[in-house]
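Me: I've got a new model open and I'd like to practise reading it feature by feature. Could you walk me through it, giving the general idea and then the case at hand?

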Amino acid sequence: MADDYPSLLRSEQMSLVQLFVPTEVAHDTVAELGELGNMQFKDLNPNVNPFQRSFVGEIRRIDEMARRVRFFSAQLAAEKDVVPIRPLYDSAPLITVGPRAAQTIDELDVTLTEHESRLVKMNESYQTLSTRTRELIEAKHVLRETAVFFDRAQGQQTDIRTSFDESSAPLLQHDDRENQFSSVGNVQFDLEFVTGTLDRARIPTFERVLWRVLRGNLYMNHTDIVEPFVDPATGSETRKNVFIIFAHGDALLAKIRKVAESMGATLYPIDANADKRAEALREVSVRLEDIETVLYNTGSNRRSEIVKIGESLRSWQDVVKKEKLIYETLNLFNYDVRRKTLIAEGWVPTRDITTIQVALRSATEESGTSVPPILHELRTSKTPPTYHRTNKFTEGFQTIMDSYGIAAYQEINPGLFAVVTFPFLFAIMFGDIGHGFIILFAALYMILAERKLAKQDLGEIVGQFFFGRYIILLMGAFSIYTGLMYNDIFSKSLHLWHSGWNFPGAEGVGSKIVGTIGSHRYPFGLDPGWHGADNNLVFVNSYKMKMSIVLGVIHMTFALCLQVPNHIKFKRPVDIYANFIPQIIFLMSIFGYLVITILYKWSVDWSQTDVKPPSLLVMLISMFLSPGTVEEPLYRGQGPIQVVLLLLAAVCEMKKIHDQGYVGLNHEGPRDSSDEALEGEEEGNGRAIAEAADEEHEEHDFGEVVIHQIIHTIEFCLGCISHTASYLRLWALSLAHAQLSEVLWSMTIEGFLNPAGVIGWIALIIISALWFVLTIFILCIMEGLSAFLHALRLHWVEANSKHFEGGGHAFTPLSFANAEFKE
């Protein structure tokens with residue numbers, strides 16, 4: 001039986017169930033279970049090709065509908081003016097379950113097809129009209145600029161050497177005609193030229209190519225078109241120039257046309273006669289007005305169609321996504337020809353079986369049939385998936401732990417303890433009252449506005465911060481607490497109570513003042529008398545370094561103790577004696593002893609003794625290099641006690657190697673079975689019981705087990721040393737954060753705190769704003785991310801390596817909640 005109340009201490013107890021679903025109610029049953037979101041279906045057709053399954057036709061139809069919906073979404077996203085999209089919660093629901101489900105899907109398919117057909121036709125018409133409009137505008141500019149050029153050149157006609165030769169005539173054939181008409185002043189003649197438009201960026205290249213191809217036998221003029229041309233498909237702007245090129249001979253003109261077309265120019269045939277050009281300009285202007293009117297009407301109709309699509313787009317996306325998930329799930333079922341039903345198997349949380357049975361009855365009632373699905377619970381030794389039931393508060397912490405690895409089924413869940421330990425270790429590195437309040441208020445804003453923010457597309461970075469808003473809330477609260485312990489707010493100290501240190505007046509300029517301890521002690525946190533003292537950094541360094549070791553050993557010891565409930569749960573009592581007890585004795589004999597000496601050294605008032613306080617680092621090194629010899633004793637009988645602790649550590653590790661060798665040799669692995677080995681039999685009460693056969697397990701000889709255990713023991717011993725040293729990052733990052741905060745204060749706002757006059761106050765306001773911005777981006781965001789990553793490493797490596805078994809696979813139920821679109 002499942003526990004009475006859900007808990008994060010262990011994963012949910014899971015059950016393997018079998019469903020017999022009539023075909024007429026199969027769709028509605030899967031839809032109801034998808035809304036419920038607590039059943040993970042198994043594939044009962046692993047050897048069947050995906051294209052040969054029962055519902056492949058329905059999936060192809062849904063894929064086609066999904067393609068149309070994606071087309072609509074792309075069209076809406078490509079619009080310059082934002083198209084209002086009605087959110088899903090405000091849209092009329094489409095009922096896709098019950099007797100009218102098939103009719104609703106058919107109507108939706110027809111609706112999507114009609115909208116796509118109309119929109120495609122409108123897009124093609126709009127594209128064609130836009131292209132024609134652009135051509136007419138270019139032609140209008142070409143006619144206008146050509147007319148300007150000819151008008152400007154009219155006064156210079158007498159300077160032009162006229163030619164009456166045909167382009168194909170021999171060179172000296174018309175000498176007599178040339179001499180005959182050379183005296184005529186005002187003569188009409190045909191000009192040979194090419195006009196068109198070209199991209200402005202290609203004009204210089206165009207000129208150079210023509211000059212080289214024609215060897216300078218041309219005259220070219222070009223002017224800018226002021227208005228840019230906008231491509232209706234891509235929305236990109238293109239700026240063009242009108243060009244006119246004069247040359248003599250058909251061969252040269254043909255070369256000009258080929259070069260122009262190869263560079264993407266658009267050529268327009270323009271008549272040399274001024275009257276014909278004017279008539280063509282009027283005709284182009286009239287046609288342009290008509291096409292622009294038609295284009296405007298087409299755009300308005302297309303806009304109306306897109307707005308209409310936007311009103312229903314979210315509901316269409318939701319229906320298509322759900323229907324595809326439903327039919328993909330139905331393809332996992334096996335069809336029983338004898339019973340004419342679909343058979344499904346899957347994992348469900350044991351406590352949710354009653355809820356699933358209610359959902360099955362509801363699906364039967366909605367479909368209008370009288371034959372309900374039947375749920376059977378199966379007994380199996382196959383390892384169930386791991387499922388931790390979370391809420392919006394614990395989800396972030398559980399996700400952090402799951403990123404390291406999925407816990408084994410029913411294993412102690414480190415995510416529960418990370419709710420406290422993770423923000424606490426973060427706060428030790430980030431301890432500052434002011435910075436803690438900043439991230440606390442940021443988290444509170446995200447929490448208070450979470451309904452509004454959850455409906456928005458926040459992007460990848462901001463979305464990650466929003467997902468971890470409750471983690472940030474606790475990190476801010478714990479940072480305020482550790483900031484009070486450090487007595488640090490924006491690199492300054494608080495005088496909440498009277499300092500326990502007395503500082504007499506200075507005897508002379510530059511003399512050193514030595515503080516004396518008073519009769520009382522500062523009740524909470526670091527005494528503010530240390531702030532500004534010459535030996536402040538030395539004292540704080542020593543304090544934080546030793547505190548990091550103490551907290552690190554406590555954290556590792558707690559993580560190691562989590563082995564015990566796992567061994568008890570999985571009925572491995574021998575592992576407690578052969579694995580846990582040797583490890584805990586080894587850890588306590590060395591590093592637990594170090595913690596005790598740190599606390600003892602803190603408790604002694606060394607100013608009242610004649611003995612110099614010994615170095616604990618030297619003591620720990622001498623404990624291994626010269627056992628029993630203590631040069632600077634910390635307490636009486638220190639040498640024999642250290643020898644006993646070393647012997648305990650050595651004996652426990654040897655005992656661990658010996659016992660674990662025999663345990664590993666005779667230990668039976670977890671019973672497992674394949675899905676195909678499950679055989680069910682029906683009983684009178686309609687309950688199917690499946691017993692799984694044991695699988696053969698790989699056997700190891702004694703030598704392999706001993707070698708493996710020796711490696712594991714050496715790894716644990718070295719790991720204890722390296723992991724204890726790794727916790728010194730708490731001291732290093734805390735020191736770096738405090739020093740960076742102090743440097744930022746002294747280099748920005750400290751020199752402007754005593755303003756003189758209006759300019760001084762303006763400078764103070766500007767520098768204060770700069771200091772606040774740098775505090776948020778450097779100290780809160782960058783330093784906060786650094787402390788976050790280090791706290792993550794301490795949990796993943798230093799803590800989880802002591803007890804975490806892993807190897808589980810996550811529970812992935814059919815859930816429509818994961819498929820919903822963000823508004």
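**Reading the model, feature by feature**

Reply: Let's start with one residue: Asn-487 counts as buried, because its relative accessibility is 8% and the cut-off for buried is under 20%. Keep in mind that this is a predicted model.

Me: Where does Asn-487 sit, and what is its phi near?

Reply: Asn-487 belongs to the loop between helix 14 and strand 12. Its phi is near 55°, a positive value in a residue that isn't glycine. Phe-490 is another one to look at: it has a positive phi of about 55° without being a glycine, and it is placed in the loop between helix 14 and strand 12.

Me: What about Ser-491: is it buried or exposed?

Reply: Ser-491 is buried, with a relative accessible area of 6%. Its loop runs between helix 14 (469-486) and strand 12 (501-502). To see what surrounds a residue like that, skip its sequence neighbours: leaving out residues up to four places away, Ser-491 touches Asp-432, His-531, Ser-741, Glu-742 and Trp-745.

Me: Let's zoom out. How many helices and strands are there, and how much of the protein counts as buried?

Reply: You'll find 22 helices and 15 strands. Of the 823 residues, 42% count as buried. For a feel of how the chain folds back on itself, look at contacts with a separation of 6 or more: residues 24 or more positions apart account for 80% of them.

Me: How do I read the nonpolar cores?

Reply: In soluble globular proteins, nonpolar side chains tend to be buried together. Here the largest nonpolar core has 67 residues, and those with the most contacts inside it are Phe-422, Phe-426, Ile-439, Met-475, Phe-586 and Leu-730. Helix 17 (residues 573-603) gives the most to this core, with 11 residues.

Me: Which residues does Ile-439 touch?

Reply: Not counting residues up to four places away in sequence, Ile-439 touches Phe-426, Phe-430, Ile-472, Met-475, Gly-476, Ser-479 and Cys-780. There's also a second, separate core of 42 residues, which includes Leu-19, Met-65, Ile-309 and Leu-330.

Me: Now a single helix. How many residues of helix 1 are buried?

Reply: 8 of its 11 residues are buried, so helix 1 is largely enclosed by the rest of the structure. The buried ones are Ala-26, His-27, Asp-28, Thr-29, Val-30, Ala-31, Leu-33 and Gly-34. What covers them includes strand 1 (14-22), strand 2 (40-41), helix 7, strand 10 (341-349) and helix 8 (353-367). Just after helix 1, Gly-37 takes a positive phi of about 70°.

Me: At what angle do helix 1 and helix 7 pack?

Reply: Helix 1 (residues 26-36) and helix 7 (residues 274-330) pack at about 115°, their axes 10 Å apart. That makes helix 1 roughly perpendicular to helix 7, and their crossing is right-handed.

Me: Which residues make that contact?

Reply: A general point helps you here. An α-helix has 3.6 residues a turn, so residues three or four places apart point the same way. On the helix 1 side you have Ala-26, His-27, Val-30, Ala-31 and Glu-35, meeting Lys-322, Glu-323, Ile-326, Tyr-327, Thr-329 and Leu-330 of helix 7. Sorted by class, the contact of helix 1 with helix 7 has 6 nonpolar, 2 polar and 3 charged residues.

Me: Where do I look for a link between helix 1 and helix 8?

Reply: Try Arg-361, which sits in helix 8 and is partly exposed, with a relative accessible area of 48%. The C-alpha atoms of Arg-361 and Glu-32 are separated by 9.8 Å, although the two residues are 329 residues apart along the chain.

Me: One more pair, please. How do helix 9 and helix 22 cross?

Reply: The axes of helix 9 (residues 395-404) and helix 22 (residues 757-799) come within 10 Å and cross at roughly 60°. That makes helix 9 oblique to helix 22, and the crossing is right-handed. Helix 9 brings Ile-400, Met-401, Ser-403 and Tyr-404 to the contact, while helix 22 brings Phe-788, Leu-792, His-795 and Trp-796. The class count for this pair is 6 nonpolar, 2 polar and no charged residues.

Terms used: Residues numbered from 1 in each chain as written. Heavy atoms only, no water. Axes fitted to C-alpha atoms, helices over the stretch in contact; angles between N-to-C directions. Helix = DSSP H or I, 4+ residues; strand = E, 2+ residues; numbered from the N terminus. Parallel < 35°, antiparallel > 145°, perpendicular 65-115°, else oblique. Left-handed = near helix turned anticlockwise from the far one by under 90°. Contact = heavy atoms within 4.5 Å. Nonpolar A, V, L, I, M, F, W, Y, C, P; charged D, E, K, R; others polar. Core = buried A, V, L, I, M, F, W, Y, C linked by side-chain atoms within 4.5 Å. Buried < 20%, exposed > 50% of the residue type's maximum accessible area, 1.4 Å probe, protein only.
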